[in-house]
Structure formats: structure tokens, C-alpha cells
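Trainee: Could you take me closely through one part of this model, the place where the chains meet, and then set it against the rest of the fold?

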Amino acid sequence: MMTHNLLLEVGSDEIPARYLLPAIEEIRVRAEKALADARLTWSEATSYGTPRRLVLYVTDLSDRSSDITVKVRGPSRKVAYDSEGMPTKALQGFCRSLGIDVSDVVIEPEANGEYVYGFKHEPGQTVTEILPTILSEVVMGMDCPHPLRWGEKNWRWFRPIRWAVCLYGEEEVPVELAGITSGRTSYGSRSLHPESLEIPSASEYFDVIARAGVVVDHNRRRQIISEGACSLAKEISGRPLEDEGLLDEVTCLCEHPAPFRGEFSPDYLNLPQEVLITVMRYHQRYFPILDDAMNVLPGFIGVRDGSPNIGMDNVRKGNEWVLRARLDDASFFYDQDLKVPLGDRLDELKRVFFLGEAGTLYDKTQRLIELSAFLGEEAGFSYEQIEKIKMAAHLSKCDLVTLMVRELPELEGIMGGHYARVQGVDEEVAKAIAQQYLPRGASDELPEKGISGILAIADKLDTLAVAFCLGVEVSGSQDPLGLRRAASGVANIILAHGYDIDLDRAIEKAVVLGGQAVRIAEKADEDVDSVNLKLKRFILSRVEAYLTEKGYPAEIAKAVIGSGETRISRLPAMAEAIYSILGTDMLIDVVTGWRRTAVLGSKSSERDVRGELLVEEPEKALFSWVSERRETLDRLFEDREYALYLEELASLRMLIDDCLDHVLIMTEDEELRENRIKLLGAVSDLFTRMADFSYILPFTGKM
Amino acid sequence: MRGDEVLGAFLYFQDVIEHLEEFWKEQGCYIGEPYDIEKGAGTMNPLTFFRALGPEPWNMAYVEPCRRPQDARYGDNPNRMGYYFQFQVIKKPPPDNIIEVFINSLERLGISRVEHDIRFVEDNWESPTLGASGLGWEVWLDGMEITQFTYFQEMGGIEIQPISVELTYGLERLTSYIQDVDNVWDIQMSPGLTYGEMFLEQEKQGSRYGFEVADIDLLRRHFTDYEQESKRILKDGLFLPAYDYALKCSHLFNLLDARGALSVSERQNYIARVRGLTRGCARKYCNLRGFEV
């Protein structure tokens, strides 16, 4: 068998940067699957891409697919042969469909009689027969999240496909893609080689396309940009801001990267660093340059698509011109904003609506003052601290009506904190304002412990409460308000910082406040209890995610959440205590003790055990143990001594076994029976407040 | 002056327009005139709005003044105004090499693709009042956004086939870059005449009117009047005059919005009302022309 290398290049209008890296990966994965399904063999498949082309390269691809023989089940023997043993029409038809003679079949016994089997031989095909079909499907079947529709046949892809090259060795393979037939004609970089060019063979593609000004390997472009940025930044004793997302984006915005360094006037350095970075990073896709102390230097790294030499002065000057205009704007906004004390903007918030019509940001501010103070008290903050929390909440939304935040919405919170600080507001308060939106995503940092964390919880909890009161549903990818992120934020801050906040009470307070806002908007008022419950479940699902991310098995996370402990910052310690006795006899003692008491104990919700009705020794012993140890148990539980608490529970096993083995619980005497059930109920409560041990059963080998 | 490498001559604002018109005329476009009703974007010109619908080819280029009261800045901002000019190109169906053709149009202005950095950065366009959307890019020239490049996908709430390409050049941006001026008001229109001399006073008065002075009740009243008139005459099959009234409603809505007179839901409601009118016009047009919807 011969092998050759395969090249497929799909040329298109500029593919959006955010789709490019996934598309490069996807075309390779799809191709590998399709080639394998077609029974072809190869050594290695790789893929590359630029905004204008996706490239698939497969080495040592076999020139034929392998032959196979498939065994096909036919009619039953009774149907296949008549009474004289001659082949029937049914058998003849079956054999015709397989292209075999009636004498070629075999008969095999099966559970319900004998059946005829025939062998179908599928000879391999040449690779050039196979490729046109499968490669067309590989490309046109790609997942395009937001496809563009074009052409006579309403083709759909990322952007219109303009050309395609498909070569097997030196041979052209005609693949139909969106009305275009592939050949060997490609195009170079728009600026360095706009003319067409011919690709002689698959293996020569990379040299030819490189000479036409295209760095087709995205990893190589990434490296050129990152190394170039470092050495350019070094010229002014700095280094580029590390930002993988930006690096990916600029890599996907060019075919031939040429990094350059531009400058801006040091006068702009009196703008807050975050403003400088946001303007450069988000609006212009530049790498800001930082010194060793992380201060922004008056320069930036841009990446041009094209020649590193010709016209570089134009490009640099042009980019500097654009940046200057933007920084001019920003300076104007900054100066204007600082003329008004942040607190004076409160009235302006009455004109800005929150979540559609659920009141205004002014209303939200009033709710945040109350909610954050409540949470601060719950978490045990001092009077002075709570006054600071209220001050931070009071000012928290004022930056949303500043010119700067209206222009650069990414800076919400950050500008508020900055303006507050400059205008002489207490440092802790300023910090809390700046950190109220943290964490902004799964990997983002948390607000600091202290009042910052409290305001950040209050902000998210209020949004959640109002959204749930409005009946907003979150499902799958449908989460336009970012409620899942908000709930994760609430869970992560409370758990990571250990605020001793009772989730039930916090939710209840937030929903009462949020519900008022929703009623003001005359929106349907959902039943408060059901909102509380939905919101609680929603947040607890994020608590579970937090615990499993910390490495606890999902069963343990579910078990401790199932305890009903709503002071959720205690859950990690509870999970840890159970986790640390996994695989020990102690765990078996605890789970057994729970299982034996919970089954009967759950038959009653009353717990008023009457000592005088206990007659058997084992039940008396169990009762007196519980009565004597209750205070100790409560103290251990409250003091988060969960390991010791579990030891106590384990030590109960013998008393429980003794009682259940020797006392007839379901006795005919109703009074005695009720009393015994109440006793078991009271004992099982000691277990269930620690965990719902039904989730732990699998770890004890019992299901 | 940046565009002088090729042409060897200073390009005034009027020259930029003239070169673009020349260029697109050579590409088979009819060089049109602006439409005489206030509008927020060149797309609203009926010769784009209606002609994007249906199967017939359509190729046109024209300058269109745009009014966006919300973007007005009292003439204080170097490149943001409430009244400005777009150069609009519509190609239906577009040639396969439409991007190359567009780059050639920049070269006609002396902006060489080798000497400059021309980039296509994803930017998808949407006009809620026209019920229109498209996919495309903003075109960056040395880091500055100079053109919106859109493949229309929907117009008047109708999925269109074949699709058109719309190019919207920001004439002030482009010219201030070519002339190397920091401020649109300093743009040289023709020898001895600046953009500021012509339009700064209008920008100041327009800003004050839109933000401070406009009579909210009157604007609301007129909106309702025009809306009713548009609906009434559309029933009679008069989709073009009905569309004129829809444009007037759109402008009144923009003024009310700039004036800060609309709450969030009211705003949505006004947008939906204008969209209702433009959709009705698009449908009527297609019905009368026998196009499938």
C-alpha cells in the first residue's frame, strides 16, 4: 500500500477571532473521526489556522481503505427453503442484495430456530474516491455558533468560503465546499502577497504559503507576538501585561504578526491605571507595558498584520493617534467626574432602572444599605464596621452614572472606589466599593475578607432575589443576567471567608426587600415561600460545586448539605470530618447507628420521650446516655468540633444495637411503642444534623 | 497628511467623497443622492431598505447625512457628533472578492495596504427599529475604526435572499485620519473651508435642543400622529409614504431618547412600534412585488 500526505486548506473571509481556536481543533477532530470511519490509516493529523484559512494536514495517509467482510443475518431457515429444501424467493432476494450465490450462505442455530447468514464483501476504495465526500462533510458540518448565510444555496459557515485547496501528495482532490471546488490555487497575505499562488504538493504547502507572507501555525504566531512584545517592552525597561486571552485574540486577528511599540504622553499617567489598561487592552487590543512595580509605563505593544518594516511608522503613528484620542476622552471624563462628590450622584440613580422595571438603582442602593448591614450583623461585625458597610453600600452604585463608567462599563466599581478614595472617603469603604462585583468569573479573585466581602455578597444576593421574584428562569445556556455566576459568588465568598451567615435568614431578608421592588413595578408577585426555596436550592447547588471543587466526593457534599445546616460556612469543616474517616470502622459505626435509628425514628416527628415509659434496660441505657451527653454534643457541634462529634456518634453504636436487638420497638402497647419511636427519633436527629447519611451508604459497602 | 503617497495631492473632504464615488461607479454602482428625511443611519434610505429585499440585483453608493441626537456632545468631543455623514455602498449580490474590492477603494484614497494595517474585526450589526441584522466586521485602519462591513441577513423582519453587502464609511473619521487632524472640526472641506465653520454651530444648537430644550409632549404627540398616518396609508398599499412616516417616528424616538424622556420599558415599546411600521412596509413591498416572504 502506498501513502501520501494530505493537505486541505479552506480559505474564507475573516473568521471572527473568538471562533478560530475552537475551529482549528474541531476540523482536526472531525477529520480524524471521518478518516477512521472510512477505514483509512495515517500517521499524524494536525491542524492550523489564521483568520482567512483553516488548514488540515495528515501525514502518510493510505491510498486505499481496507477491505472488510460483514456477516449479515438473513431469513430463518424455514422461510429460506421450501419443503423440498430448495431456496425460496426470500433467500434468492437476500443473496442478490449481498451479491453472493445461494450456495454461499451458512446456517446457524439460534435460540428461536436456525437462521441463514451471508457474507458481504466490501472492497476498499481509493482514497481519492473517499475524500471528496467526507472532507466536504467535515468542513460544512462544523459547529458554527453564529453562522453567516450567503450565496445562491444559502450556505452557512463562520464567514463565506472563498477558495479551497485539497492535495493528496501532488494530486488535486476535488472537494465541493459551499459551491466551490477545491484545486491547488491559494492566496497569500492580503498585504504581502494578495495574488493567487499554486501549491505543487501537500508537503510543499507550508514553504509556499510562508513565502506568501502567511504564518499558518497559530502557535508560531503566538510565540512571535509574545517574544516580540517582551523584547519591545524591554527597550523601555518594562514588560507586557500578561494576558492569555488578549494573546489568543491578537493571534487570531492576523496572518503575519508584526509587533510594534507605540508611545503616549506621560501626562496621561495621572489617569488611574485601570483606565489606561482598559482603554489599551479592551478597546485597542494593545498590551500595556508595566514596570517592575506593576506601574503602567507610557507605551504599548500593538500587533500589526503585515510587514515588520514597510510602513511601520504609519502604523505606529496611526495607532498612537487613536490611543491619544481615546485617552483624551478618558481624561475629560475623569476631570468632569471628579468635580462631583460621589455621594451627590445618588439622586441621578433614580433615573436608571434595574433589571427592567424592578425599581431604580436608587432603590437598589436603599436595599443594599439594609441588606448589607443585616449581613454584617449576622456575621458578627462591630458597630463601627457596620457603619462603614452602610457607607459603602450607600455609595456603591454612584459610579454607574459617571461619564467614565458610561464610556468604559468594564470599570464599574473600580472607578467608584477610585473616586471615593480621591475624594477622601475612608480607605476600607473605598476598597469595598471597588470590590463589590468580585468575583467576576470562575477563576477571578474574591473580595477581601471584612466589609468588602459583605457588600459583594449583598449586591449579588439582591440581584438574585429580585430576579427570582420576577420569575426569571435559569436553564442550560439561558442565563442572560449571570445569575449562576452571582450565586457562585455568594457561595464562594461565604465559604472561603467563613462568614457565619445563616443562608435561610439572608435569603428571607433579601427576598422581602427584593419583593417590595418587584411589587413597585407591579410585576407578578410570586409566592414568597416558593421564591425563598427556589433561591436556596439555586445557591446550595453552587455550594455543592464549591465543595466538590475542593476535592470532596459529590456524595459527601450532598450529605452535609442534606443535614439542613444553613450556616453554610460550616459545611466544609463538616465535609472534612466525614472525609477523614472514610474507610474506617468509625464511619461504619456512625452510618449503622444512623440507619438503625432513622428507619423507625422517622415514623414520628415528636421528641418528648417520657422516661417513666421506658421499661427495658437497653432503652433506658440509650435514653440516659443521650440525656447526659446532650449538652456536650451540642457544644461540640456549635464549636465546629465535628471530628469529636463523629467519635461520640460512633460510640453510640453499641447502645443502639443493644436496644434494637433486644427491645421490641413495635410492641402492641401503643403508649410504649410511641415512646420508643420518639426515643429513636431523638437519637437519629443527632446523626441527621451532621449529614444525610443515605449519601454515605455506598462508602460503607452497603447500598 | 497621510494619503499623499500615491496621489501626491492634498485630499479635501470633498475629494474623499469624489474618489469614493468614482471608485464605486467603476464597480457598477449607481451614485445616488441622500434621502430627504432625517434618519439615524444610511441603511434607512428607502433605496437600501426596500432594495435589499427580493431577488433583483441592486448596486448603489451615496452620501447620507445621519442624525443621532444621543451621540451629540455640544461640539466638545473631537470625534463624536449628533450630525454627520456616512458614505454608503450597497452591493447585491456582492462579488466573491468584495473584501479585496473594498481594500482597493482605500488604496484609491492613497491608503496603501502595504504601508498601513487594515484589519477586519468581528462586529455584528443590528437595527432594532428596521428589524434588520447582519454579520460582518468593523474595519480598522492602523487601529482606527473607519468602516462598518456587513452581510445583511434580515431586513424588515424578513430573511433576505440573495444577501447584500453594505459598506458604511465614516467620512469624518477617514478624512481626519487622511488629513492628520486631531479633531473633526478642523477637517478641510475644500480650500479654505473647515468642517467646524460649516457644522459646529449646528452641532451646539442641536445638542442643546436634543438634550435640554425639545418639547417632550409635542414629540410624543407627533410620534403618535405619524404612527397612525403610517398605518392608515399602508392599508391603502402606499408603502413608500408609509415608510416616510416610519422614518419620522424613528427620528422622534431618537430625540425622546436623547432627552431622557423614556423609561426602559417605554423605550422598548417605542422601538417595537417603529419596528412594527417598518415591517409592515417591507411586507407590503414584497407582496406587491410578488416576492416570497
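**The contact between the chains**

Mentor: The contact draws 33 residues from chain A and 32 residues from chain B. This is a predicted model, and totals for interfaces use all residues. On the chain A side, at least two residues each come from strand S7 (148-150), strand S18 (296-305) and helix H9 (312-338). H9(A) gives the most to this side, with seven residues. Sorted by class, the side of chain A that touches chain B holds eleven nonpolar, eleven polar and eleven charged residues.

Now the partner, chain B. Its secondary structure amounts to nine helices and eleven strands. A compact globule of 293 residues would have a radius of gyration near 19 Å, and chain B agrees because its own value is 19 Å. The C-alpha trace of chain B spans about 55 × 45 × 30 Å along its principal axes. Buried residues make up 49% of the 293 in chain B. Among contacts in chain B with a separation of 6 or more, 67% are between residues 24 or more positions apart.

Next, the nonpolar interior. The largest nonpolar core has 269 residues, and those that touch the most other members are Cys166(A), Ala392(A), Ala465(A) and Met155(B). Helix H15 (residues 451-469) of chain A provides the largest share of this core, 13 residues. Leaving aside residues up to four places away in sequence, Met155(B) touches Phe49(B), Ala52(B) and Leu53(B), as well as Leu130(B), Ala132(B), Ile160(B) and Ala282(B). Another core lies apart from the largest one; it has six residues, including Ala80(A), Leu91(A), Phe94(A) and Val116(A).

One element of chain A remains, an open sheet. Three strands form this sheet in the order S4-S6-S5 (chain A), with antiparallel pairing. Strand S4 (68-76) and strand S5 (106-110) of chain A are the edge strands, each pairing on one side only. From one strand to the next, the twist averages 40°. S5(A) and strand S6 (residues 113-122) of chain A run antiparallel and are joined by five bridges. At one of these positions, Glu110(A) has Gly113(A) in S6(A) as its bridge partner.

To return to your request: on the chain A side of the contact, H9(A) is the main contributor, with seven residues, and the three classes are represented by eleven residues each.

Methods: Residues numbered from 1 in each chain as written. Chains lettered and ligands numbered in written order. Predicted model: local features only at pLDDT ≥ 70, side-chain atom pairs only at ≥ 80, totals over all residues. Contact = placed C-beta atoms within 7 Å. Helix = DSSP H or I, 4+ residues; strand = E, 2+ residues; numbered from the N terminus. Nonpolar A, V, L, I, M, F, W, Y, C, P; charged D, E, K, R; others polar. Pairing = 2+ DSSP bridges. Axes fitted to C-alpha atoms, helices over the stretch in contact; angles between N-to-C directions. Rg over C-alpha atoms; globule rule 2.2 N^0.38 Å. Buried ≥ 20, exposed ≤ 12 C-beta atoms within 10 Å, placed from the backbone. Core = buried A, V, L, I, M, F, W, Y, C linked by C-beta atoms within 7 Å.
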